[in-house]
Amino acid sequence: MVQTQPETHTETPTRTRRAGWRAWAECAGLDTEIFYPEPLTPDTKADAKAVCARCPVRLDCLAEAIAANEPFGIRGGLTPRERRSLLRRLQRDARREAPGDRHTTVSPRRLVAVDCG
Ligand code: SF4
């Protein structure tokens, strides 16, 4: 008699790769208010940043927020100001790597993946 290992399911039907990265978000089901604190201070943003820090899809979220120039909320663990600063730095680095190519557009998703990957 052949013994087989019990089947394990690590993905539920709603948490498949096909469902997209949002299905894996650490913030799923949490009160979204914590990601839009007012006023935005180190104390008020700490809870959201802690959730984002353990999120398995943080880079996807961050890249999307940067690509959309999302003006509100903490996404990918960064505030809007921090995201703008990161994008400027990544674009500056990309221009340094290809100084003669002024027409090259580098997608925020790629920049973030390269920098944080
Ligand atoms: S990085 Fe933060 S805001 Fe983005 S999906 Fe993860 S927990 Fe939610």
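Helices here are DSSP runs of H or I with at least four residues, strands are runs of E with at least two, and both are numbered from the N terminus. I66, for instance, is found in helix α2.

This is a predicted model: local features need pLDDT of at least 70, side-chain atom pairs count only at pLDDT 80 or more, and totals for chains, interfaces and linings use all residues. Residues are numbered from 1 along each chain as its sequence is written.

**Exercise 1. Fold and confidence**

State how many helices and strands the protein chain has, and where confidence is lowest and highest.

Solution.
- Step 1. Count the elements. The protein chain has 4 helices and 0 strands. Along the sequence the pattern reads α-α-α-α.
- Step 2. Check confidence. pLDDT is the predictor's confidence in each residue, from 0 to 100. The protein chain has a mean pLDDT of 81, and 69% of its residues reach 70 or more.
- Step 3. Find the extremes. Helix α4 (residues 108-116) has the lowest confidence, with a mean of 58. The highest is in α1, at 95.
- Step 4. Look at residues 3-9. Their pLDDT stays under 50, and the model has 0 contacts for them beyond four places in sequence. Two residues are in contact if their C-beta atoms, placed from the backbone, lie within 7 Å.

**Exercise 2. The faces of α1**

Decide which residues of α1 are buried and which are exposed.

Solution.
- Step 1. Set the cut-offs. A residue is buried if 20 or more other C-beta atoms lie within 10 Å of its own, exposed if 12 or fewer, and partly exposed in between, with C-beta atoms placed from the backbone.
- Step 2. List the buried residues. In α1 they are K45, A48 and C52.
- Step 3. Look down the axis. The buried residues of α1 fall within an arc of 60 degrees, so they line one face of the helix. The arc is taken over the directions from the helix axis to the C-beta atoms.
- Step 4. Recall helix geometry. An α-helix has 3.6 residues a turn, so residues three or four places apart point the same way.
- Step 5. Turn to the other side. There, P42, D43, A46, A50 and A53 of α1 are exposed.
- Step 6. Find the partner. The buried residues of α1 pack against α2.

**Exercise 3. Core and ligand shell**

Name the residues of the largest nonpolar core, then describe the shell around the ligand.

Solution.
- Step 1. Define the core. It is a set of buried Ala, Val, Leu, Ile, Met, Phe, Trp, Tyr and Cys residues joined through C-beta atoms within 7 Å.
- Step 2. List the members. The largest one has 9 residues: A48, C52, C61, L62, A63, A65, I66, I74 and L78. α1 and α2 each supply at least two residues of this core. α2 gives the most, with 5 residues.
- Step 3. Check α2 for burial. R58, C61, L62, A63, A65 and I66 are buried there.
- Step 4. Move to the ligand. A residue is near a molecule if its C-beta atom, placed from the backbone, lies within 6 Å of it. The ligand is surrounded by 13 residues, and the closest are A25, C27, C52, C55 and C61.
- Step 5. Sort the shell. It has 8 nonpolar, 2 polar and 3 charged residues. Ala, Val, Leu, Ile, Met, Phe, Trp, Tyr, Cys and Pro count as nonpolar, Asp, Glu, Lys and Arg as charged, and the others, Gly among them, as polar.
- Step 6. Assign helices. α1 (42-53) and α2 (58-67) each supply at least two shell residues.

**Exercise 4. From α2 to α3**

Work out why I66 counts as buried and N69 as exposed.

Solution.
- Step 1. Count around I66. This residue has 23 C-beta neighbours inside 10 Å, so I66 counts as buried.
- Step 2. Count around N69. N69 has 11 other C-beta atoms within 10 Å, so N69 is exposed. N69 sits in the loop between α2 and α3.
- Step 3. Check the backbone. N69 has a positive phi of about 50 degrees although it is not a glycine.
- Step 4. Add L87, in helix α3 (residues 80-97). L87 is partly exposed, with 17 other C-beta atoms within 10 Å.
- Step 5. Compare positions. I66 and L87 are 21 residues apart along the chain, and their C-alpha atoms are separated by 7.1 Å. L87 and N69 are 18 residues apart in sequence and 9.7 Å apart in space, C-alpha to C-alpha.
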